[in-house]
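Visitor: I'm new to this one and would like a close look at a single part. Could you take me through a spot on the surface, and then show me how its surroundings fit in?

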Amino acid sequence: KMSTDSDVMSLLFDDQVPSKDKHYEFGFALPSPSNVVQPMDVDSSGGPLQLQSPAKQAEPGPGEHPGEKRQRLNDGQVKRKIRKLMAEESGQGHQGGGLIVGESWFRQLIGLRLVLVCASAVVMAVGVGLLTDDNVRKDFYKRYKRQYELLLYGAEDYCSQQLDFSNVTRALEAQLVGQRDAIEHVSRIFYENRHQLYSSLALLGPVGVGKSLMAKIVAENFQWRSNVHRFTLSVSPSPDQQYIRFQQFLQSIRSAPLEPRCGDNLLIVDFLDSQDIPMVNKMDQRIALVASKDATRITTIFVFQGTLSQDNPSLRILNGTIEKVLLRQLDEGDLERCVRQEAAGLGYSVEERLLRTVMDSMDVQRSGCKAVLAKLGFYWQQEQQQQQNLN
């Protein structure tokens, strides 16, 4: 038996047989299945060499020689077995090359990410260093803003442009019949108040003279189309609920990320009546407060229905800051131009008989041009049906 573990290791890895007059025996587990525990088992699974303390030896079976399953250490077979196991383990490492390559690729990816993070940190540090200079910071912001507006709106300096109402004026003159004075009045209000944060106007006049049409044309040709907002009073049981709904509408505009502070804003409140004047006054005051608080330019157009004329006593309580724009009553000549204009828009060829039929069916003093489109479509279809019957 051995005295120390160091003697065991020296015997395993030393080619010379000890000169001491001692007898050592070691057991080696052969590939044959056996549950007998030997004094030293070599694990053939490729793991480390396990040394076990000598245990009680099993008695040899009948016909077995006591030294049949034991081998001498000095015959060199133990070292050969260990080298063979090491070679097999090395072969398994080569067979698992895919895993090794995968680990190498993962390490390279981690290294690449670290390089990118370091490079980003350096770029950010340089950027912060440059932006500490006021001139560099302002120039950088100006260039970035121009590129952003060009990408988002298709024009540089979109948000900082000066108001140009000429396109709106031309569109009003081309589409709105018989309201030259009202068009000039609206244009003047926009130009005179272009440097103020808030301005408002009320469109007044009889039925069918073009109040809603004027507001629609202004909205469609407004310089900052994304800043046009419409609000219509709902049929609510109380004015307080209507005002709460308007406050929610105004708050939704204010909570937008960029648009309210990009250029001028246009609010259109349509289908108003004389009973809504107190509500209009509250809206006007609220919008003026928001424009002042947010430093945002806002213009509001209040569109009243035809039942409210400029001579109505209810208009006396309207806020004095709201400009009143009166659209005049239309006549027969205006009605004829309305019919021809609507027919051209529909692609109809209007003969004299059809023109007179449409005009005779309407009362321009009561409805203006409001029903021209419906009347024209109805009588034009009748004309086409009659021609088909004749053919």
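Guide: Let's start with Asp360, which is exposed: its relative accessible area is 59%, and the cut-off for that label is over 50%. Bear in mind that what you're looking at is a predicted model. Asp360 sits in helix 11, the run covering residues 352-360. Asp360 also has company on the surface, where a patch of negative charge brings it together with Asp331, Glu332 and Asp363.

Now for some acidic residues that do pair up with a positive partner. Take Asp334, whose side chain meets that of Arg328 in a salt bridge, 2.8 Å from N to O. The two ends of that pair sit in rather unlike settings. Asp334 has a relative accessible area of 1%, so it counts as buried, whereas Arg328 is partly exposed at 36%. There is a third member too: salt bridges with shared partners join Arg328, Asp334 and Arg337 into one network.

How many salt bridges are there by this rule? The count comes to six. Another of them joins Arg254 to Asp294, with the closest N and O atoms 2.8 Å apart. This pair links distant parts of the chain, as Arg254 belongs to helix 8 (residues 239-254) and Asp294 to helix 9 (residues 277-294), 40 residues apart. Arg254 is partly exposed, with a relative accessible area of 21%. Asp294, on the other hand, is buried at 17%.

Have a look at Asp264 and Arg297 as well. Their salt bridge has its closest N and O atoms 2.4 Å apart. Asp264 lies in the loop between helix 8 and strand 5 (265-272), while Arg297 lies in the loop between helix 9 and strand 6 (298-304), so this pair ties together parts 33 residues apart in sequence. Asp264 is buried, with 8% relative accessibility, and Arg297 is partly exposed at 28%.

While you're in that loop between helix 9 and strand 6, stop at Ala295, which is found there too. Ala295 isn't a glycine, yet it has a positive phi of about 55°. With a relative accessible area of 60%, Ala295 is exposed. You'll find another case of this in strand 5, the place of Phe271. Phe271 has a positive phi of about 60°, although it is not a glycine either. Its label for exposure is another one, though: Phe271 is partly exposed, at 48% relative accessible area.

Finally, step back to take in the whole protein chain. It has 13 helices and seven strands. Of its 391 residues, 31% are buried. What share of the contacts with a separation of 6 or more comes from residues 24 or more positions apart? That share is 72%. As for the outside, the accessible surface of the protein chain comes to about 25200 Å², and carbon and sulfur atoms account for 53% of it.

So much for the tour; to end where we began, find helix 11 again and pick out Asp360 in it. From there you can trace the negative patch through Asp331, Glu332 and Asp363.

Key
Residues are numbered from 1 along each chain as its sequence is written. This is a predicted model: local features need pLDDT of at least 70, side-chain atom pairs count only at pLDDT 80 or more; totals for chains, interfaces and linings use all residues. Side-chain values use heavy atoms; hydrogens and water are left out. Patches are made of residues with over 30% relative accessible area and no salt bridge: like charges are joined within 9 Å, nonpolar side chains (Val, Leu, Ile, Met, Phe, Trp, Tyr) within 5 Å. Accessible areas come from the Shrake-Rupley method with a 1.4 Å probe; for residues, only the protein chains shown count as cover. A salt bridge is a side-chain nitrogen of Lys or Arg within 4 Å of a carboxyl oxygen of Asp or Glu. Lys and Arg count as positive and Asp and Glu as negative; His and the chain ends are not counted. The place of a charge is taken as NZ of Lys, CZ of Arg, CG of Asp or CD of Glu. Helices (H or I, at least four residues) and strands (E, at least two) are DSSP runs, numbered from the N terminus. Buried means under 20% relative accessible area, exposed over 50%, partly exposed in between (1.4 Å probe, protein chains only). Contact means heavy atoms within 4.5 Å.
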